[in-house]
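Reader: I'd like a close look at one part of this model, chain A, please. Start with how much of chain A is buried, then take me through its layout and its contacts.

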Amino acid sequence: MRHIISVLVRNHPGVLSHVVGLFTRRSYNIESLAAGVTEHPEITRITIVVTGDEHVLDQVMKQVNKLVDVLKVGDLKYRQAITRELAIITVKAGPKSRHEVIEIANVFGAKVVDMSEDTITLELSGTERALQNMVRLLNPFSIEEMARTGTIALSMKSSEQ
Amino acid sequence: MKKTGAKIFIETLLEHGVDTLFGFPGGVLLPIYDELYHAQIRHILARHEQGAVHAADGYARATGKVGVCIATSGPGATNLVTGLATAFMDSVPLVAFTGQVPTHMIGNDSFQEADIYGITIPITKYNYLVKDTSRLKEVMYEAFYLASNGRPGPVLIDLPKDITVNEITNPPIPKLTLPQKVPHTAKEKEQRIEKIVSLIEKAKRPVIYSGGGIIISGAHQHLQTLAEKASIPVTTTLMGKGGFPETHELSLGMLGMHGTRYANYAVSECDLLIGIGARFDDRVTGKISSFASKAKIVHIDIDPAEVGKIIRVDASVIGDARQILESLNRKVKKQSHPEWIKQIGQWKKEYPLAYKKKEGVINPQYVVEQIYEQSKGEAIITTEVGQNQMWAAQFYKCDKPRTFISSGGLGTMGYGFPAAIGAKVGCPDRIVFDVAGDGSFQMNIQELATAVYNKINVKVAILNNGCLGMVRQWQELFYGQRYSQTILEGNPDFVKIAEGYGAVGIRVTKPEEVPSAIRKAIELDQPVVMDFLVNREENVYPMVPPGGAINKMLDEEK
C-alpha cells in the first residue's frame, strides 16, 4: 500500500538529514520525497510517499512525529488529496516520429519545451498515474533522459466539507 | 559587556547546576579548557573519550541529573559515538559537547575534522552544530531541556572553535520555542486510564512488566502501591531493576532470556500484562507470537512511538509513568487473586533461581551473592556486558532505584567500569561495584588512571573465566563447541595492572577467600580491582534460546 505523508518541519540546515536518516535507520522505504518552503518561510513541507501496510504507516507517522523539528505529520488519503508531480522527459524523435510524440503530449496536456534534430523534450505536471501513462506511451520511442520531482500534495478542502 | 563564547559556555553550564564535566581536551577546545582552568566546575580527565561519555552516563543514571561530557573534534568526537548510542538506547539524559574546526574551515577536510553532527543524527535525541555565538546559550538551554524532558536521551552540541572565541554582548536567558506535541487530550487520557482500570479489575491473573521508565520518572513507590493494592506480581526488565523491591513477595525478578522461570511462566500464563515504561525488547519477549499469548496487553509509556511497535496492545496511555500510576492508584479498587498468587508461589518454590555449587572452584554467581551480602544490598552495581551482566542481574537483589546500572539496549562491553566512576562521582557516599568480565574490563581498562588520580574509589570485581563467556556459551550450545576466538589467551595479570596504575589488586582463587576479599575491598579507601578466578565452563541459566518462546527455557544439566 502506498501512503502520502505530509510533514511540516522547522526550516533549518540539517532538518532533511534528520527526517531522511530516520527512514534509513528504521528501514522504511521511500518512494519519493519532495521538500519546499510553505506560506511561512520558517516552515518547510516535506511530502513523502512510502509503501507499507497500516502497521508500517502507523510506525512511520509516530517515529517522524517524534523528531524534535517536526511540527505536524499528516497521512493524506489519495482520494482526498490533490497530488502533483512534475516530469521533464527527453524522447528520441526525429522528423519522422516527431508528430506522433507531439500528439501523445497533447493528449496528456504536456508542453514541448525543447526540440533538436533527433529529440523532443516534454514537460508534464500531473498525478503520478498520468505521468506513468504518458511514459508508457513514450517508451516505444526510447526515452533518453527523464527527471521527476516526486509527489507533492495538499489535502482537498472540498472533500472535507 | 562583551563575553567570549567559552565564557558563555561555562556560565550556561553553571546555570544548569552542572558540577562535574567528564572530558578530554584538544586543539579546538583550548578556549574552553582555558576558561575551565578557574571555573567552579569539577573536570574529570578521562584517559579515553569513551571513558568520559560512559562516566557521564553512569553519573546521570546514578543521580537522575543530566550527565555532561566534552571531547575534541575529529577522533575525540568519534570516540564518543559508542557512548552516545549506549545512552540513546537506554534513554539516559546526556549533553555531549564536541569541539569542531572553525566554521570557515568546515567542509575542507581540515585537520581533525569529522562531521560529528551527521554521524550522530541516528544515535542522539537531537543534535546541533552551532554556527553563531549568539545562538550558543539558546542551544544549550534547549539541549538540557531536551535531554531531560519527555523520554530522556543524549543531545550533542558541536562547537566550532571560533564560536567559543568570538565575543558578543551578554545574551539574555532564552525562552524556549521548541514544538510541543500533545499525544492525547486530557479527556481522552482519562478515558484510556478508565479502560485500564476496568481491565485490572476484571483480571484474574495479572502481571506488571515494568522497565526503566519507572526509574526515570521516579515512580517506584507508586508502582509498589499499585502492585500491593491490586495484588499484582511484578517482573522487571534489566533496565527496570530497582524499580520494584526484589525482596518483596510480589517480585518475580527479571523476565526474558535469562529471567527467572517463574517470571517467564507468569507472563506466559497471565490474563493481563501491564507494561509500564518498557519497550517489549526482543531479549524480553523471545518469540513474539507466544509472548503473553493468553493476556490482554496494556502499555503505559511516555513515547507514543513505542506503543504498537512490537506488539498489538488492547489498551494504552501515553504519559509520565508516575502521573499515570497516581491516577490508577486513585481509581483501582482493592483486588485479591489468591489462586494466582498461590500458583506463582508454587513456581517460585519449584523453580528457584539457583546454580550448582562446584567443589574447590569459585562459582561466579557466588561472587555476586557475596557482593550482595557484604554490601548489605546497599551498593550501586554497574556491570559490563555478557555473563557477568546476567549473573549480576540474577543474583544481586535490588530494592531501590538507580542502584543497578547496565548497558541494556546496546550491550556495550567496556561500559561498566567508566560508568562506575561516574556513579561514584555522583554518589560519593555509596559503595560502587563494577561486576566485570575479563573481556569487557579490558575495553576501558585505561580508566584505572582516572579513578586513581581523582581518588574515585570504585571496586571492580572481575569474574575472570579467561574467555568471552557469553559468546563461548552460545558456541557451546548452538555452534558445536567450536570456540572460535572466544578464549582469551594472553590476558594480563590484573593484579599487577591494578598496582601499576596505583590501585589495589587482589587475586582470589578459592571460594573460601571470596567473602573476606570483598570485605577488604569495601574497607579500603582506594580503587580496588579484584581478580576472581572463576570456573570457565559456567553458563548462565536458565536460558531462552534466541527466538524461542520464553516459557521454554534451558537449564543446567543436573
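Author: Of the 161 residues in chain A, 24% are buried (20 or more other C-beta atoms, placed from the backbone, within 10 Å of the residue's own; 12 or fewer is exposed, in between partly exposed). Keep in mind that this is a predicted model, where local features need pLDDT of at least 70 and side-chain atom pairs pLDDT 80 or more, while totals for chains, interfaces and linings use all residues. Residues count from 1 along each chain as its sequence is written, and chains are lettered from A and ligands numbered from 1 in the order written.

Now the layout. Measured out along its principal axes, the C-alpha trace of chain A covers about 55 × 35 × 30 Å. Chain A holds 5 helices and 9 strands (DSSP runs numbered from the N terminus: H or I of at least four residues, E of at least two). Read from the N terminus, the elements of chain A go β-α-β-β-α-β-β-α-β-β-α-β-β-α. If you take the contacts in chain A with a separation of 6 or more, 72% join residues 24 or more positions apart (a contact is two C-beta atoms, placed from the backbone, within 7 Å).

Next, the split. Chain A comes as domain 1 (2-76) and domain 2 (82-155), with bounds from an automatic or database assignment. Over C-alpha atoms, the centres of domain 1 and domain 2 of chain A sit 28 Å apart. Where the two touch, domain 1 of chain A puts in 8 residues and domain 2 of chain A puts in 7. On the domain 1 side of chain A, the elements that give two or more residues are strand S1 (2-10), strand S2 (29-37) and strand S3 (43-51). S2(A) has the largest share there, with 3 residues. Sorted by class, that side of domain 1 of chain A has 5 nonpolar, 3 polar and no charged residues (nonpolar: Ala, Val, Leu, Ile, Met, Phe, Trp, Tyr, Cys, Pro; charged: Asp, Glu, Lys, Arg; polar: the others, Gly among them).

And then there's the neighbour. Between chain A and chain B, 13 residues of chain A are in contact with 13 residues of chain B. On the chain A side, helix H1 (15-25) and helix H2 (54-66) are the elements that supply two or more residues. H2(A) gives the most to that side, at 6 residues. By class, the side of chain A that touches chain B has 2 nonpolar, 7 polar and 4 charged residues.
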